[in-house]
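Please work through the following exercises with the sequence and the model open side by side, and try each task before reading its solution.

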Amino acid sequence: MVAAPGENMRIDGDRLWDALMDMAKIGPGIAGGNNRQTLTDADGEGRHLFKSWCEQAGMTMGVDKMGTMFATRAGTDPDALPVYVGSHLDTQPTGGKYDGVLGVLAGLEVVRTMNDLGIKTKHPVVVTNWTNEEGARFAPAMLASGVFAGVHTLEHAYSRKDPDGKTYGDELKRIGWLGEEEVGARKMHAYFEYHIEQGPILEAENKAIGVVTHCQGLWWLEFTLTGKEAHTGSTPMNLRVNAGLAMSRIIEMVQGVAMENQPGAVGGVGQVFFSPNSRNVLPGKVVFTVDIRSPDKAKLDRMRAAIEAKAPNICNELGVGCSVEAIGHFEPVTFDPTLVSAVRNAAERLGYSHMNIISGAGHDACWAAKVAPATMIMCPCVGGLSHNEAEEISKEWAAAGADVLFHAVVETAGIVE
């Protein structure tokens with residue numbers, strides 16, 4: 001039987017918070033959050049700071065060919081597979097200070113606390129910073145962990161382009177974080193990811209800890225609608241081929257499809273590109289992405305089929321061309337029951353209120369779960385707000401989840417007396 005850490009063992013909440021605030025100084029946003037998009041100069045600067053902290057904590061740093069960082073604290077058994085813990089340091093263009101970053105720096109805090117307490121473990125502990133989790137600059141999201149899990153090829157990832165036409169591969173080289181390790185060569189004993197909820201449930205239920213049992217599946221469907229550019233003032237209404245109007249009707253249709261599949265389904269559009277994007281020109285081309293999610297695979301696939309069947313009919317009525325490409329997808333995930341129990345037991349042992357929860361967002365843990373036992377821990381965020389510079393959590397929330405993470409990771413890694 002694996003020994004559990006003592007109830008009095010806690011992380012240093014002030015040190016964790018200070019690390020979060022120090023990282024937030026890199027790539028500041030314009031409204032209190034962060035713009036540290038993947039493979040930018042700011043991302044490179046954040047990586048160097050994280051590396052320096054890891055080395056100060058006695059860890060060795062490895063980097064793979066996707067730029068993912070792996071900081072290792074050695075275990076006592078050279079043949080034991082490592083326990084991985086981490087998330088991502090990249091942000092949305094108008095991102096908060098905690099999305100992803102909390103999981104990486106809480107992993108670092110786990111190791112720092114192990115050092116403070118003189119804890120040795122059989123299994124090594126590896127703190128991970130996955131590249132391009134957000135997918136804001138290079139679609140799809142969770143790109144590096146997807147290559148790690150064999151979902152994408154390295155060549156496919158390197159060829160991804162940002163809105164300016166720059167490729168992932170070129171930008172990875174430019175900022176100096178192209179590693180030599182083969183992607184996916186590492187084997188995992190277990191994977192833990194700590195994250196803010198990005199939803200309102202934990203705060204509304206007054207629970208400190210979300211024990212994540214499942215993660216919703218997702219489809220990103222990129223639509224390209226082709227109309228006819230024309231003057232908005234002088235073109236008669238009956239002669240317009242309005243790609244923007246077709247888009248608006250598709251968005252309304254997506255809302256209807258999601259509502260028809262309640263409960264446990266969501267759908268919407270968060271990104272739109274108009275061309276030529278002029279005030280007095282009807283768009284000749286509109287590109288937008290439909291995002292649909294559900295923890296129920298059958299429901300998720302049913303929603304996709306309905307949307308792809310209805311959209312061409314909408315466009316045909318308006319004379320607008322329509323094409324669709326699936327640019328992002330992952331199946332619903334059921335996290336490892338043993339690791340889920342380890343998280344739940346840790347919360348109970350520490351006296352933290354908790355509840356089971358399904359992750360509404362995709363995370364690197366979803367891909368890690370394809371190659372190793374995996375699970376997640378969540379803490380509340382104010383108003384459920386995320387992907388917004390006003391994203392906020394409390395120091396107490398951050399510390400509580402990190403305490404649970406520490407206990408679950410150390411127990412899984414096996415304390416050596």
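The exercises below concern a predicted model and deal with one helix and one annotated site.

**Exercise 1. Compare the span of helix α9 (residues 297-318) with the span to be expected at 1.5 Å a residue, and find which of its residues are buried.**

Solution. Begin with the length: the expected span is 1.5 Å times one less than the number of residues, so the 22 residues of α9 should span 32 Å, and the 33 Å between its end C-alpha atoms agrees with this. Next, apply the cut-off for burial, which is a relative accessible area under 20%; the buried residues of α9 are Lys 299, Leu 300, Met 303, Ile 307, Ala 311, Ile 314, Cys 315 and Leu 318. Because these residues cover an arc of only 115° around the axis, they lie on the same side of α9. Finally, look at what covers them: the elements include the strands β8 (217-226), β10 (266-275), β12 (285-294) and β13 (321-330), together with the helix α8 (243-260).

**Exercise 2. Describe what is found at the N-terminal end of α9 and what follows the helix.**

Solution. At the N-terminal end, Asp 296 acts as a cap, with a side-chain oxygen 3.0 Å from the backbone nitrogen of Ala 298. At the other end, α9 is followed by Gly 319, which has a positive phi near 75°.

**Exercise 3. Determine how the residues that UniProt lists for "binding site" are arranged in space, and which of them the lining of the largest cavity includes.**

Solution. The UniProt record, an unreviewed entry, lists His 88, Asp 99 and His 195 under this heading. Although they span 108 residues in sequence, no two of their C-alpha atoms are more than 9.8 Å apart, so they gather at one spot. Of these residues, Asp 99 is included in the lining of the largest cavity.

**Exercise 4. Place Asp 99 and His 195 in the fold, decide whether each is buried or exposed, and identify the polar contacts of their side chains.**

Solution. Asp 99 sits in the loop between β3 (83-87) and α3 (101-117), whereas His 195 belongs to strand β6 (residues 190-196). With burial set at under 20%, Asp 99 is buried because its relative accessible area is 5%, and His 195 is buried because its relative accessibility is 1%. Turning to the side chains, that of Asp 99 makes a polar contact of 3.4 Å with the side chain of His 88, and a polar contact of 3.0 Å joins the side chains of Asp 99 and His 195. Beyond its neighbours within four places in sequence, Asp 99 also has contacts that include Glu 134, Ser 386 and Glu 391, while the residues touched by His 195 include His 363 and Cys 379.

Terms used: Residues numbered from 1 in each chain as written. Predicted model: local features only at pLDDT ≥ 70, side-chain atom pairs only at ≥ 80, totals over all residues. Heavy atoms only, no water. Helix = DSSP H or I, 4+ residues; strand = E, 2+ residues; numbered from the N terminus. Buried < 20%, exposed > 50% of the residue type's maximum accessible area, 1.4 Å probe, protein only. Arc of directions from axis to C-beta. Contact = heavy atoms within 4.5 Å. Polar contact = N/O pair within 3.5 Å; in protein donor to acceptor, adjacent residues only side chain to side chain. UniProt positions renumbered as here; feature names shortened; annotations may be inferred. 1 Å grid on protein atoms, 1.4 Å probe; cavity = no way out; pocket = protein on both sides within 12 Å on 5 of 7 lines; lining within 4 Å.
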